Amino acid sequence: MKDFNKKYGYILSIGGVLGFVAMVWQASERITMLKNPDKALNCNLNPIIDCGAVLGNKLAALFGFPNAFIGIVVFSMLAMAGFALLSEIKFNTKFKKIVFGLATILIMFSMWFFAVSLYSIGKICIFCAVGWIVSIPIFIYATLDLLSDLKSKNSKKYYNWLFSNKYKVLIVWYLIMLGLFLLKFRDYYFN
């Protein structure tokens, strides 16, 4: 379990910091866009990777403020939990549930905005992509951590399956997202 806690600590810390930096950078790009609406953003890389189109969409500010602000808060909290694990602080079940809740909110919001970006906006923001990429291992490990504490027969069964297949789940998840991305933008990338 100590080896798992160390890996989990690194995943939370590194994923949390990468997500935090991406969301801060995204928020700064949003501010730049609001100050200079005619200026192209630095993160507009091509017709598909176009942060300006994504950040200018109303769904990029779902609750009236930029979605990046939610990411800043959630990623910073997850990074702090990771630093705590790396300091060998033991999580009690209540704290594991909080971290799992944050990871669940993060993955749900990430996958929703991934779908919105692909199929509604039709563009991808590079900073969102960083958040999507790091949210998956965070969610998988948070699920494992919580399942390891639960005492039911089913939770042990799910834990054993997920623990044995965590890398397969991660790779398949990434491949599905990559496949959906390439399928959506096949005309641009394969013509």
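In this predicted model, the largest pocket holds about 250 Å³ of space. Its lining is formed by Ile49, Phe114, Ile124, Ile126, Ala129, Trp132, Ile133, Tyr174, Met177, Leu178 and Phe181. Helix 5 and helix 6 are the elements that give two or more residues to this lining. By class, the lining of the largest pocket comprises 11 nonpolar, no polar and no charged residues.

The two helices named for the pocket also pack against each other. Helix 5 spans residues 126-149 and helix 6 spans residues 153-184; they meet at an angle of about 175°, and their axes are 9 Å apart. Because of that angle, helix 5 is roughly antiparallel to helix 6, the threshold for this description being over 145 degrees. The residues of the contact between helix 5 and helix 6 divide into 19 nonpolar, 3 polar and 2 charged.

Enclosed space was examined as well. The count comes to 1 cavity of 30 Å³ or more, and the largest cavity contains about 220 Å³ of space. It is lined by 17 residues, of which Met23, Asn67, Gly71, Phe109 and Ser110 lie nearest its centre. Helix 1 (2-35), helix 3 (67-86), helix 4 (93-121) and helix 5 each supply at least two residues of the lining of this cavity. Helix 3 provides the largest share, 6 residues. The lining of the largest cavity has 12 nonpolar, 5 polar and no charged residues.

Aromatic contacts form a further theme. A search of the whole structure finds 17 aromatic pairs, and two of these pairs are set out below.

| Pair | Centre to centre | Angle between planes | Arrangement |
|---|---|---|---|
| Tyrosine 8 and tyrosine 141 | 6.3 Å | 20° | stacked |
| Phenylalanine 109 and tryptophan 112 | 5.5 Å | 40° | tilted |

Tyrosine 8 lies in helix 1 and tyrosine 141 in helix 5, so this pair ties together parts that are 133 residues apart in sequence. Both tyrosine 8 and tyrosine 141 are buried. These two tyrosines also belong to one aromatic cluster, formed by Phe4, Tyr8, Tyr141, Tyr159 and Phe163.

The other pair lies within one element: phenylalanine 109 and tryptophan 112 are both in helix 4, 3 residues apart, about one turn of the helix. Phenylalanine 109 counts as partly exposed because its relative accessibility is 23%. Tryptophan 112 is likewise partly exposed, with a relative accessible area of 30%. Phe109 is also among the residues that lie nearest the centre of the largest cavity.

Note on methods:
Residues numbered from 1 in each chain as written. Predicted model: local features only at pLDDT ≥ 70, side-chain atom pairs only at ≥ 80, totals over all residues. Heavy atoms only, no water. Axes fitted to C-alpha atoms, helices over the stretch in contact; angles between N-to-C directions. Helix = DSSP H or I, 4+ residues; strand = E, 2+ residues; numbered from the N terminus. Parallel < 35°, antiparallel > 145°, perpendicular 65-115°, else oblique. Nonpolar A, V, L, I, M, F, W, Y, C, P; charged D, E, K, R; others polar. 1 Å grid on protein atoms, 1.4 Å probe; cavity = no way out; pocket = protein on both sides within 12 Å on 5 of 7 lines; lining within 4 Å. Points joined across faces, edges and corners; volume = space filled by probe spheres on them. Phe/Tyr/Trp six-rings, centres within 6.5 Å; stacked < 30°, edge-to-face > 60°. Buried < 20%, exposed > 50% of the residue type's maximum accessible area, 1.4 Å probe, protein only.
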